[in-house]
Amino acid sequence: MKLTRKQVLSRAKASDLESVRKLNCWGSRLTDISIFHELPNIEVITLSVNSISSLEPISHCQNLTELYLRKNSICSLSEVYYLKLLPKLRILWLSENPCCYPDPHRYRMTVLRNLPNLHKLDNQAVTAEEVSKASEEGEEVSGPPTDSSNTENGHTETEQTCPEVTAESENDVLNFSMEETNKIREQLGMKPLPRDKFSPFSSPMEDGGSRKKKNNLLNAVLLLLKDLDTEGLEIVQRAAETRIHQLQRKELQEER
């Protein structure tokens, strides 16, 4: 699916692309993000849980400071080349992409060798010691990925076939991070959740699992509401009222 100008302006509540500073497209099944060529002033991008395979369009976002890309289809670490062109990038989430496996240590060291100015990678603070270590253990990405293979330090790496990632499963919809959740709440004008109030998705069989699941369901619903138009919101409102009445009737029956 292609991210369009209309979608960007609607989600960012902006009148033109140059005024867009933050954009949240979490779980939108995106594959084409070429529109980022036209977003020079954007500072925060949330693209987790999509099917994005190339970061080239993002290389044009010179004011970008935060980039969330968890659970996409980034196959080659050579894609990091495009992020090297972003002088202000300080927070990056790239975990759960094919390029992170099968060697998570190599992945992290390579990212930090090429992006030594990061303050946080995959929700883990970056230390000066780690950056120093990465300069020795990481691989230098000296150019963009090629169509067929990637050669780094004499090593040829055949590109992987990336599986499609969608937001259809329950875990994909619910299991997002506290930082991602609070970004959503911030954009909705809500107060951020403190750490002791946030619970990642867990099975209802676990202690307190049902409550944790409800909390994350609520956050997922709030995320979806942000992207609905007036007609869609009215449908949700009617459905919610119907559900409330059903629950109220059920409670009355149980009391009798």
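Glu96 is partly exposed in this predicted model, and its relative accessible area is 33%. Its side chain forms a salt bridge with Lys71, with 3.6 Å between the closest N and O atoms. Where do Lys71 and Glu96 lie? Lys71 belongs to the loop between β3, residues 66-68, and α2, residues 80-83, while Glu96 belongs to the loop between β4, residues 91-93, and α3. The pair therefore ties together parts of the chain that are 25 residues apart in sequence.

A second salt bridge joins Glu140 to Lys84, at 2.8 Å from N to O. Glu140 is in the loop between α4 and β7, residues 149-152, and Lys84 is in the loop between α2 and β4, so this pair ties together parts 56 residues apart in sequence. Are these two residues buried or partly exposed? Glu140 counts as partly exposed at 27% relative accessibility, and Lys84 likewise counts as partly exposed, at 31%. To return to Glu96 for a moment, salt bridges with shared partners connect Arg70, Lys71 and Glu96 in one network.

The third pair I wish to present is Arg21 with Glu43, whose closest N and O atoms are 4.0 Å apart. Arg21 sits in the loop between α1 and β1, and Glu43 in the loop between β1 and β2, the latter strand being residues 44-46; the salt bridge thus ties together parts 22 residues apart in sequence. Arg21 is partly exposed, at 38% relative accessibility, and Glu43 is partly exposed as well, at 34%. How many salt bridges are there by this rule? The count comes to 7.

I turn now to the chain as a whole. The chain has 256 residues, and 43% of them count as buried. Its secondary structure consists of 8 helices and 8 strands. If one takes the contacts between residues at least 6 apart in sequence, 50% of them join residues at least 24 apart. The accessible surface is about 14000 Å², and carbon and sulfur atoms account for 50% of that area.

Next, the sheet. Six strands make up an open sheet with mixed pairing, in the order β1-β2-β3-β4-β5-β6. Which strands are at the edges? They are β1, residues 22-24, and β6, each of which pairs on one side only. Strand β5, residues 120-121, runs antiparallel to β6, and 2 bridges join them. Within this pairing, Lys120 has Ala125 of β6 as its bridge partner.

Two helices can be placed in relation to these edge strands. The first is α1, residues 5-12, in which Val8, Leu9 and Arg11 are buried. Strand β1 is among the elements that cover these buried residues. Just after the helix, Lys13 adopts a positive phi of about 50°.

The second is α4, residues 128-137. Its buried residues are Glu130, Val131 and Ala134. Viewed down the helix axis, these residues fall within an arc of 100°, so they line one face of α4. That face packs against α3, residues 104-114, and against β6, residues 124-125. What lies on the other side of α4? There, Ala128, Glu129 and Glu136 are exposed.

Helix α3 also contains His105, which counts as partly exposed at 41% relative accessibility. Leaving aside residues up to four places away in sequence, His105 touches Lys133 and Glu137. His105 and Glu137 are 32 residues apart in sequence, and their C-alpha atoms are 9.0 Å apart in space.

Finally, the cysteines. How many disulfides does a search of the whole structure find? The search finds 0. Cys25 is buried, with a relative accessible area of 0%. Cys61 is also buried, and its relative accessible area is 0%.

Definitions and conventions. Residues numbered from 1 in each chain as written. Predicted model: local features only at pLDDT ≥ 70, side-chain atom pairs only at ≥ 80, totals over all residues. Heavy atoms only, no water. Helix = DSSP H or I, 4+ residues; strand = E, 2+ residues; numbered from the N terminus. Buried < 20%, exposed > 50% of the residue type's maximum accessible area, 1.4 Å probe, protein only. Contact = heavy atoms within 4.5 Å. Areas by Shrake-Rupley, 256 points an atom, 1.4 Å probe, with all protein chains shown as cover. Arc of directions from axis to C-beta. Pairing = 2+ DSSP bridges. Disulfide = S-S within 2.5 Å.
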